[in-house]
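Dear colleague,

I am handing over the structure we spoke about, and below it I have set out what was found when it was examined. Please read the notes with the structure open beside them.

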Amino acid sequence: MTAEPSRPAKPLRASDADREAVVEQLREAAAEGRIDLDELDTRLGLALSAKTCAELAPLTEDLIPVVVAPGEPLVLKGGMHGASRTGRWKVPPQIRAHAGAGGVRIDFSRAECRLREIELDVYGEMAGVKIVVPQGWTVQADDLSLGLGGFRNRTTDERIPGTPVLRLTGSCGMGGVTVRHPNFLERRKLRKTETDR
């Protein structure tokens, strides 16, 4: 099977929160001496007038520090009954997922991630690996072996500033590997969780 192409997407509109996040990054960069005050003024003007996330992304791309957390990779083994990582959790720089007969589900929707890049080594085996990423994350799967199950990428290509690149390696096996954004019900649950906090 071949990888499914990503659907062409309209430019993702920037929210006030997106613009504010970029403004905060720019102010921190100026305080650390990575940009001078003239450049800060220029970038702040562009950030505050940006209509899409694509306009915001270049303003901070050269300012995002590479963060490497210590420790061993997170290993998820589906075995017979399956394994999952959902809800609030801290994302390490490396994750290994072995689907086995029960499958693995990894949901990054509410995860805490300050990394620029995440290496996810997946093995679809019998039941496959399902991955849910927030809107705006970039997925790269050039080094992923398709196997019999194939790779399905149901994400958009639009990257939001400050979000990581999810780099997939390994093999899709018989069960395959699917990456998608949260569906309608998941998005509704996320909004409810945020308003209840």
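The notes that follow go from the whole chain to one pair of helices and then to a single residue.

Please keep in mind throughout that this is a predicted model. The protein contains four helices and 10 strands, and from the N terminus on its elements run in the order α-α-α-β-β-β-β-β-β-β-β-β-β-α. Of its 197 residues, 44% count as buried, while the area that the protein exposes comes to about 11200 Å², with carbon and sulfur atoms supplying 52% of it. Among the contacts with a separation of 6 or more, 71% are accounted for by residues 24 or more positions apart.

Turning to the helices, helix 1 (residues 16-31) packs with helix 2 (residues 37-49) at an angle of about 175 degrees, and their axes lie 9 Å apart. Because angles over 145 degrees count as roughly antiparallel, helix 1 is roughly antiparallel to helix 2. On the side of helix 1 the contact is made by R19, V22, V23, L26, R27 and A30, and on the side of helix 2 by L40, R43, L44, A47 and L48. These residues divide into eight nonpolar and three charged, with no polar ones.

The single residue is T155, which lies in the loop between strand 8 (151-154) and strand 9 (165-171). Despite its place in a loop, T155 is buried, with a relative accessible area of 4%, and its side chain makes a polar contact with the side chain of N153 at 2.6 Å.

With best regards

Terms used
Residues are numbered from 1 along each chain as its sequence is written. This is a predicted model: local features need pLDDT of at least 70, side-chain atom pairs count only at pLDDT 80 or more; totals for chains, interfaces and linings use all residues. Side-chain values use heavy atoms; hydrogens and water are left out. Helices (H or I, at least four residues) and strands (E, at least two) are DSSP runs, numbered from the N terminus. Buried means under 20% relative accessible area, exposed over 50%, partly exposed in between (1.4 Å probe, protein chains only). A polar contact is a pair of N or O atoms within 3.5 Å; within protein, one must be able to donate a hydrogen and the other to accept it, and residues adjacent in sequence count only if both atoms are side-chain atoms. Contact means heavy atoms within 4.5 Å. Accessible areas come from the Shrake-Rupley method with a 1.4 Å probe; for residues, only the protein chains shown count as cover. Axes are lines fitted to C-alpha atoms, for helices over the stretch in contact, and angles run from 0 to 180 degrees between N-to-C directions. Angles under 35 degrees count as roughly parallel, over 145 as roughly antiparallel, 65 to 115 as roughly perpendicular and the rest as oblique. Ala, Val, Leu, Ile, Met, Phe, Trp, Tyr, Cys and Pro count as nonpolar, Asp, Glu, Lys and Arg as charged, and the others, Gly among them, as polar.
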